Amino acid sequence: MTKTAFITGATSGIGRSTAQTFANHNINLVLCGRRQDRLDSLKEKLSDKVKVHTLTFDVRDKVAVKNAITGLPEEFNTIDILINNAGNAHGLDPIETGDLTDWDAMIDINVKGLLYVSEAIIPQMTKRKSGQIINIGSSAGKEVYPKGNVYCGSKHAVLAITEGMRIDLNPYGIKVGAVNPGLVETEFSKVRFKGEAKADHVYTGYKALQPEDIADIIYFAVSRPPHVNLADILVFCTAQANSTIVKKEQ
Ligand code: NDP
Ligand code: 8X3
């Protein structure tokens, strides 16, 4: 039977690429983000392959999240796969000069937003005793780096929540796992550096992971047999050894 995946942060980067990969493998899609124009064009692009529905909400708005998910049309309201991907870093500052607005954004989006979406979807999975949840963590959820403080904290929280979900949803046979990438060339650094020129240098001098690389891994995780759950995957590009060591061309 054709499955339906619910992907947050589908307007860009890893989420958009995952939507494209899933469509290529005949998985119907509920695509979410704040930028309606991008959701519309992605829907237009993928609708010749699979059924696509879009939802526009900010994951920080728990009422909007709940209303959007409970209001899904019948054709899309059985979610087999949840990809909790929406998130970003905001700023890269030492803790002593950090910006409260940035801190709020990272905790509210990366942690609380993931929880709001999960809260609205998990009950249907427990009721059916089936489903799969993949949370997009980060290498920053495994290792803290200088000035990464709150972003790393938010991604450590994503990993802890993933483990908690896996334990609590174990009786229901629901698969839960995390995919934790290192440097991926997306709009991530534009957001982190608020459009400043230094964002352009993050992915130069080496071959960073591409969003398609992560989408392939996510598809691999959702296409395993029922008894196989990829619980925790850490992915670096070859040039990256850890959060601080990246081999760049001079
Ligand atoms: P992008 O900036 O390219 O994409 C981020 C996505 O998240 C967009 O679709 C954006 O949609 C959505 N999003 C952000 N804030 C909100 C919000 N408040 N409400 C709803 N949607 C939101 O970055 P990536 O694709 O790289 O990031 C995707 C995930 O991967 C994030 O969780 C990130 O932390 C993680 N990650 C990224 C890495 C990288 O190096 N790029 C490495 C490791 C992990 P819109 O703006 O339309 O709302
Ligand atoms: C994104 C990768 O190294 O910028 O999570 O934190 S990093």
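In strand 2, L29 is the bridge partner of A5. The two elements concerned are strand 1 (residues 4-7) and strand 2, which run parallel and are joined by 4 bridges. Between them the chain passes through helix 1 (residues 13-24), and this β-α-β crossover from strand 1 to strand 2 is right-handed. The model described here is predicted. The points below cover strand 2 and its neighbours, then the two ligands and the residues around them.

**Strand 2 and its pairing with strand 3**

- Strand 2 also runs parallel to strand 3 (residues 52-56), and 5 bridges join the two.
- Within this pairing, V30 of strand 2 stands opposite H53 in strand 3.
- The chain leads from strand 2 through helix 2 (residues 36-46) to strand 3, in a β-α-β crossover that is right-handed.

**Burial of strand 2**

- Strand 2 spans residues 28-33, and 6 of its 6 residues are buried, so the strand is largely enclosed by the rest of the structure.
- In a regular strand, side chains alternate between the two faces of the sheet.
- On one side of strand 2, N28, V30 and C32 are buried.
- On the other side, L29, L31 and G33 are buried, so that both faces of the strand are covered.

**Ligand 1: surroundings**

- There are 31 residues around ligand 1, of which T11, S12, R34, Y151 and T186 come nearest.
- By class, the residues of this shell divide into 13 nonpolar, 12 polar and 6 charged.
- Helix 1, helix 5 (149-168) and helix 6 (188-192) each supply at least two residues of the shell around ligand 1.

**Ligand 1: polar contacts and cover**

- An N or O atom in the side chain of N88 is 3.0 Å from an oxygen atom of ligand 1.
- The backbone takes part at E187, where a polar backbone atom is 3.2 Å from an oxygen atom of ligand 1.
- A polar backbone atom of G182 is 3.4 Å from an oxygen atom of ligand 1.
- Ligand 1 taken alone exposes 870 Å², and the protein buries 97% of that area.

**Position of N88**

- N88 is placed in the loop between strand 4 (81-84) and helix 4 (100-128).
- The relative accessible area of N88 is 18%; because this is under 20%, the residue counts as buried.
- N88 and K45 are 43 residues apart along the chain, and their C-alpha atoms are separated by 25 Å.

**Ligand 2: surroundings**

- The residues around ligand 2 are S138, A140, Y145, Y151, G182, F188 and R192.
- This shell has 4 nonpolar, 2 polar and 1 charged residues.
- Y151, listed around ligand 2, is also among the residues that come nearest to ligand 1.
- G182 likewise belongs to the residues around ligand 2, while its backbone supplies a polar atom 3.4 Å from an oxygen atom of ligand 1.

**Ligand 2: polar contacts and cover**

- An N or O atom in the side chain of Y145 is 2.6 Å from an oxygen atom of ligand 2.
- For the side chain of Y151, the distance from an N or O atom to an oxygen atom of ligand 2 is 2.6 Å.
- An N or O atom in the side chain of R192 is 3.5 Å from an oxygen atom of ligand 2.
- Taken alone, ligand 2 exposes 240 Å², of which the protein buries 89%.

Methods: Residues are numbered from 1 along each chain as its sequence is written. Chains are lettered from A and ligands numbered from 1 in the order in which they are written. This is a predicted model: local features need pLDDT of at least 70, side-chain atom pairs count only at pLDDT 80 or more; totals for chains, interfaces and linings use all residues. Side-chain values use heavy atoms; hydrogens and water are left out. Buried means under 20% relative accessible area, exposed over 50%, partly exposed in between (1.4 Å probe, protein chains only). Two strands pair if DSSP finds at least two bridges between them. A crossover is right-handed if, with the strands pointing away from the viewer, the path from the first strand over the helix to the second runs clockwise. A residue is near a molecule or strand if one of its heavy atoms lies within 4 Å of it. A polar contact is a pair of N or O atoms within 3.5 Å; within protein, one must be able to donate a hydrogen and the other to accept it, and residues adjacent in sequence count only if both atoms are side-chain atoms. Accessible areas come from the Shrake-Rupley method with a 1.4 Å probe; for residues, only the protein chains shown count as cover. Ala, Val, Leu, Ile, Met, Phe, Trp, Tyr, Cys and Pro count as nonpolar, Asp, Glu, Lys and Arg as charged, and the others, Gly among them, as polar.
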